[in-house]
Amino acid sequence: MLLRPLLRRAAAAAAASSGGARATALPDPPAALASLLLASRSYAKAKGGGKPASSTSNRGKVRAKDPRGGASADDADGDEFAAGGAGDDLDAEFELPTDPLPPTYDPALDVGPGGRPLFAFTDTFGSFAHRNANVYVDFTLDEWNAMLPEGLPAGMMKEFQETRRCAVMVRKSFLDLRDNFRRIVDPAVTTNLKDIKKKIVLDGPRSCGKSIALAMLVHWARTEGWLVFYVPQGKDWTHGGFFYRNTYSDFFDTPIQAAKILQDFLKYNETRLLQLPCQIFEPIPLGEGAGVGKMKGADTVEMPEGSTLYDLIQTGITHTHASVGVVVRLRKELSLVKDVPVLFAIDQYNSWFTFSEFQEPVTVRSCRPIHAKELTMVNAYRSMLHNDMMVGAFSHSTAVGKLRQELPDVPSDARLMFPRYTLEEAETVCHYYMRQKIIRRESFSEEKWKKIYYLSNGNGSEMRWLAAFV
């Protein structure tokens with residue numbers, strides 16, 4: 001990042017004028033965020049008052065790392081380091097505060113730009129109109145995990161950890177995405193959108209909020225009673241586990257991933273799946289099981305009459321030979337569901353258009369890379385040439401490489417560029433960071449938050465990183 005060397009030179013110059021600085025090595029935050037994020041909603045609503053866990057604040061301090069990547073022992077002991085060394089250390093980082101927020105609730109702090117409320121206390125994203133945008137909605141981590149048990153995006157979890165609150169901002173770009181699919185289900189809904197799309201691919205710069213917007217869309221759809229097939233990490237479909245060539249389809253099966261996909265889909269949708277009957281009763285082909293080879297004496301399995309989608313999924317979970325076939329059959333069954341709206345939401349969608357990590361042995365001395373389209377499950381779910389509602393989000397942090405503008409099996413008009421923060425959104429974000437004590441209130445000014453915005457060009461993660469220097 002080009003900004004970091006500039007800020008480090010400034011820090012080195014300031015340290016030289018003051019005679020040096022102290023570096024304190026602090027332990028990394030715990031893996032579990034529960035201790036930092038407990039009672040987030042209740043705190044905002046002034047319903048709680050529990051005593052927060054004690055910890056030491058490290059705001060305004062610098063942690064210097066040794067060349068091996070860990071905090072040096074000298075820094076841990078509090079030894080002073082020279083200004084020149086601080087400037088040359090490219091791994092120096094500004095530490096964000098980790099103290100839990102005080103239990104005393106002061107409503108005067110929850111003020112956004114222009115005196116508007118900073119938070120909107122609601123249980124759903126469905127009640128927002130465009131005039132109500134640019135406010136934060138506060139949930140606890142348990143509430144997020146209950147609505148999205150498949151997992152939360154890494155960028156969202158990092159935001160929660162560094163701000164010490166499980167709140168997300170409702171942006172106009174998200175409301176446009178929500179209203180697009182709401183209009184499909186209920187044409188009577190009035191929106192500002194001219195074109196309604198059943199298939200959307202969210203693209204845009206890194207850290208512009210694509211994955212968070214997709215997670216919020218899934219949250220909203222499930223509160224509306226929709227059946228959502230949510231994949232928070234599409235790259236997991238093409239990386240890790242075992243693969244076996246299917247002799248019938250000539251594709252590659254990944255039974256370990258298939259079993260996990262079925263288990264994740266069942267976590268939130270079990271009640272609904274118990275009510276939906278199977279509509280396809282053709283035999284399901286059996287493949288190789290994970291580490292157990294092929295089943296002897298059987299090539300297919302049939303679902304009995306009267307089976308539900310829950311029974312179908314349980315078949316794939318309990319029988320490893322049928323797991324991949326059940327995932328493929330589930331895709332066809334969900335397309336036939338008419339009693340409830342069905343939405344396919346795929347994050348890291350671009351990983352399904354590149355080569356996977358798998359290698360097919362060709363000879364003893366060589367191997368051939370396998371493209372994601374050669375994987376049975378990816379081949380069944382990747383296409384957008386159907387009549388179902390589907391949204392995919394590109395992830396530019398998965399290092400899968402750039403893709404061409406026109407993708408196979410994707411409509412040419414499906415790609416939607418998701419924007420960075422606007423100036424108005426950035427102002428709300430900086431007020432939120434001041435509320436969470438990432439920005440010191442006494443140092444906050446319009447000039448400084450605009451500097452953060454223009455230096456980061458509206459990039460969300462860079463704004464959060466720069467905020468600690470205000």
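How many helices and how many strands are there in the chain? The chain holds 16 helices and 17 strands. Please keep in mind throughout that this is a predicted model. Of the 470 residues of the chain, 47% count as buried. As for contacts in the chain with a separation of 6 or more, residues 24 or more positions apart account for 75% of them.

I shall begin with a sheet. Five strands form an open sheet, and their order is 8-13-16-7-17, with parallel pairing. The edges are occupied by strand 8 (227-231) and strand 17 (415-417). Each of these two has a single partner strand, so one side of each is left without a neighbour in the sheet. From one strand to the next, the twist averages 20 degrees.

Let me now turn to strand 16, which covers residues 389-393. Which strands does strand 16 pair with? One partner is strand 7 (residues 199-203), joined to strand 16 in the parallel sense over four bridges. Within that pairing, K199 has M390 of strand 16 as its bridge partner, and V201 has G392. The other partner is strand 13 (residues 342-347), which also pairs with strand 16 in the parallel sense, here over five bridges. On that side, D347 stands opposite A393 of strand 16.

Is strand 16 mostly covered or mostly open? Strand 16 is mostly covered, since five of its five residues are buried. In a regular strand, side chains alternate between the two faces of the sheet. In strand 16, M389, V391 and A393 lie on one side, M390 and G392 lie on the other, and all of them are buried. Both faces of strand 16 are thus covered.

Which helix packs on this sheet, touching strand 16? That is helix 8 (residues 172-185), which touches strand 7, strand 13 and strand 16. The direction of helix 8 makes about 165 degrees with that of strand 16.

The loop between helix 8 and strand 7 is the place of V189. Setting aside residues up to four places away in sequence, V189 touches R182 and R183. V189 and D179 are ten residues apart in sequence, and their C-alpha atoms are 8.3 Å apart in space.

I move on to two helix pairs. The first topic is helix 10 (residues 255-273) with helix 11 (residues 309-318). Their axes come within 10 Å and cross at roughly 155 degrees. Why do we call helix 10 and helix 11 roughly antiparallel? Angles over 145 degrees count as roughly antiparallel, and helix 10 and helix 11 therefore fall in that class. Helix 10 passes helix 11 in a left-handed crossing. On the side of helix 10, the contact is made by A259, L262, Q263, F265, L266, E270 and L273. Helix 11 contributes L309, Y310, I313, Q314, G316 and I317. By class, the residues of this contact of helix 10 with helix 11 divide into nine nonpolar, three polar and one charged.

The other pair is helix 14 (residues 423-435) and helix 16 (residues 460-467), which pack at an angle of about 40 degrees with their axes 11 Å apart. Helix 14 and helix 16 are therefore oblique to each other. The crossing of helix 14 and helix 16 is right-handed. Helix 14 makes the contact through A426, V429, C430 and Y433, and helix 16 through G460, M463, R464 and A467. This contact of helix 14 with helix 16 has six nonpolar, one polar and one charged residues.

Finally, some remarks on backbone geometry. Most residues other than glycine have a negative phi. Against that background, I would point out two residues in loops.

R164, in the loop between helix 7 (154-163) and strand 6 (167-170), has a positive phi near 60 degrees and is a residue other than glycine. Is R164 buried or exposed? At 6% relative accessibility, R164 counts as buried, because the cut-off for that class is under 20%.

S207 is not a glycine either, yet its phi is positive, at about 65 degrees. The place of S207 is in the loop between strand 7 and helix 9 (210-223). With 32% relative accessibility, S207 counts as partly exposed.

Terms used:
Residues numbered from 1 in each chain as written. Predicted model: local features only at pLDDT ≥ 70, side-chain atom pairs only at ≥ 80, totals over all residues. Heavy atoms only, no water. Buried < 20%, exposed > 50% of the residue type's maximum accessible area, 1.4 Å probe, protein only. Pairing = 2+ DSSP bridges. Axes fitted to C-alpha atoms, helices over the stretch in contact; angles between N-to-C directions. Parallel < 35°, antiparallel > 145°, perpendicular 65-115°, else oblique. Left-handed = near helix turned anticlockwise from the far one by under 90°. Contact = heavy atoms within 4.5 Å. Nonpolar A, V, L, I, M, F, W, Y, C, P; charged D, E, K, R; others polar.
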